[in-house]
Amino acid sequence: MTILCVRFQLPPMHEAVLPGLLGLLEEFTPVVEALPPDGALIDVRGAERYFGRSAVELASVIRVRSLALHGVDCMIGAGPGPMLARMALRDARPGVTCAVTEDGVREFLDGKPVAALPGVGTATARTLCEYGLDTLGRVATAPLATLQRLVGAKAGRELHEKANGVDRGRVVPNAVARSLAAERPFDRDELDPHRHRRALLSAAEELGSRLRAVEKVCRSLTLTVRYADRSSTTRSRTLGEPTAHSADLTRTAYGLYEALGLQRARVRAIVLRAEGLTPAEQASHQLTFDPVDEKARRIEEVADRARAKFGPRAVMPGALAA
C-alpha cells in the first residue's frame with residue numbers, strides 16, 4: 001500500500017483551513033494532490049522507506065496530528081493506487097483506516113456494485129446492470145469484447161482493467177490556490193430538487209463574481225453533493241471554453257446535477273468548484289453575436305460594480321438569471 005486518500009471532516013463553510021491541512025501532509029511527502037473541498041491523495045512510498053513505517057501506521061500519525069494541531073478528524077483509505085485508495089476511503093470510518101493490500105484487491109472489488117467504480121456514471125451502470133453485470137466481479141470476468149460493445153471500445157477497456165484492479169492513476173501534486181469553491185449547506189436534509197437547483201444557481205453566481213473580481217477564468221467545474229449518510233458524489237466537466245460568465249457556469253452546474261439522476265436524495269450540502277484557473281487576459285472568447293448573451297454580460301458588469309460598492313449581498317442570487 002503506497003497511496004493514502006484522506007478526507008478531513010471539516011465543518012460546513014470551513015474550507016479555508018484546507019491549505020493548512022495540506023501543509024501537514026506535505027511534512028510526510030511532497031507528493032500531495034489536493035482534492036477540494038476536504039480531501040487529498042498522497043503518495044507515501046518514499047515516506048514508508050524514510051520513516052520505516054507502513055502506510056497504515058503513517059495514516060494513524062496523520063490522524064493524530066490533524067486532531068492535535070487543527071482539531072479536525074479525518075477518514076483515510078489506503079491502497080496500491082489512487083483508484084483503490086479512493087474506493088477504500090468509502091469503507092473507512094473515523095479512527096480506522098480501510099486498507100486494501102495488493103493481494104486482497106480482487107477480494108475487495110468482486111462483491112462491490114458496478115456503480116462503486118470511479119468513472120462509472122448512472123447511465124453506464126444502468127446499461128451494465130441490464131445485462132446482468134451488476135457487480136465488479138462479474139464485470140471482471142466478462143469478455144472484453146462484450147464490454148466494448150456495451151459501453152464503447154475505450155470505455156470498455158478501461159472498465160475491464162479497473163474491475164480487475166489495474167490502477168494506472170498517479171498522484172499529481174497541485175495547488176489548492178488554482179481553484180475556487182462555493183458551498184451551499186442546507187439547514188436540514190433537503191429532498192426538493194428545486195431547492196438543489198437554487199443552491200446551484202447561487203453557487204455558480206458566487207463563483208462567477210469571485211472569478212471576475214480576481215480577473216480569472218476557469219477551465220472546468222466540479223460538483224460535489226453530500227448526502228445525509230455522510231457519503232458524497234463528485235462529478236467534473238470541462239467547459240467549452242475558459243470562462244467566468246455566470247450563465248455558462250450555471251448551465252454546466254445544472255448539467256452535472258442532472259447527470260447524477262438523483263431520486264429523492266437527502267442532500268446535506270452542495271459544493272461547486274471552479275478549477276484550472278488562468279488569467280482572463282490570456283483566455284479567448286468565441287464571439288456569438290447573440291444579443292441575449294451580450295446583454296447578460298453587460299448586466300454582470302453592472303452587478304459586479306454594485307457588489308464592489310455595496311457588498312456581496314447587493315445583488316440577490318438569481319437576479320442575473322431573471
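**View A. Two aromatic pairs are counted in this predicted model**. The rule takes the rings of Phe, Tyr and Trp (its six-membered ring) as paired if their centres lie within 6.5 Å; planes under 30 degrees apart count as stacked, over 60 as edge-to-face and the rest as tilted. The pair Phe28 and Phe51 is tilted, because the ring centres are 6.0 Å apart and the planes stand at 55°. Phe28 sits in the loop between α1 (18–26) and β2 (32–35), while Phe51 belongs to helix α2 (residues 45–51), so named from DSSP runs numbered from the N terminus (helices are H or I, at least four residues; strands are E, at least two). The pair links distant parts of the chain, 23 residues apart.

This is a predicted model, in which local features need pLDDT of at least 70 and side-chain atom pairs count only at pLDDT 80 or more, whereas totals for chains, interfaces and linings use all residues. Residues are numbered from 1 along each chain as its sequence is written, and side-chain values use heavy atoms, with hydrogens and water left out.

**View B. Phe28, Tyr50 and Phe51 make up one aromatic cluster**. Phe28 is buried, with a relative accessible area of 9%, and Phe51 is partly exposed at 37%; buried means under 20% relative accessible area, exposed over 50%, and partly exposed in between (1.4 Å probe, protein chains only). Phe51 also pairs with Tyr50, here edge-to-face, at 5.0 Å centre to centre and with 85° between the planes. Tyr50 is exposed, with a relative accessible area of 68%.

**View C. Lys112 and Arg197 each lie over a ring**. A charge counts as over a ring if NZ of Lys or CZ of Arg is within 6 Å of the ring centre and within 35 degrees of the ring normal. Lys112 lies over the face of Phe108, 4.6 Å from the ring centre. The charged end of Arg197 is placed over the ring of Tyr254, at 3.9 Å from its centre.

**View D. Strand β1 (residues 3–8) pairs with β3 and with β4**. Two strands pair if DSSP finds at least two bridges between them. With strand β3 (residues 39–43), β1 runs antiparallel over five bridges, and Cys5 has Leu41 as its bridge partner in β3. Strand β4 (residues 74–79) is joined to β1 by six bridges, also antiparallel; the partner of Arg7 in β4 is Met75. Five of the six residues of β1 are buried.
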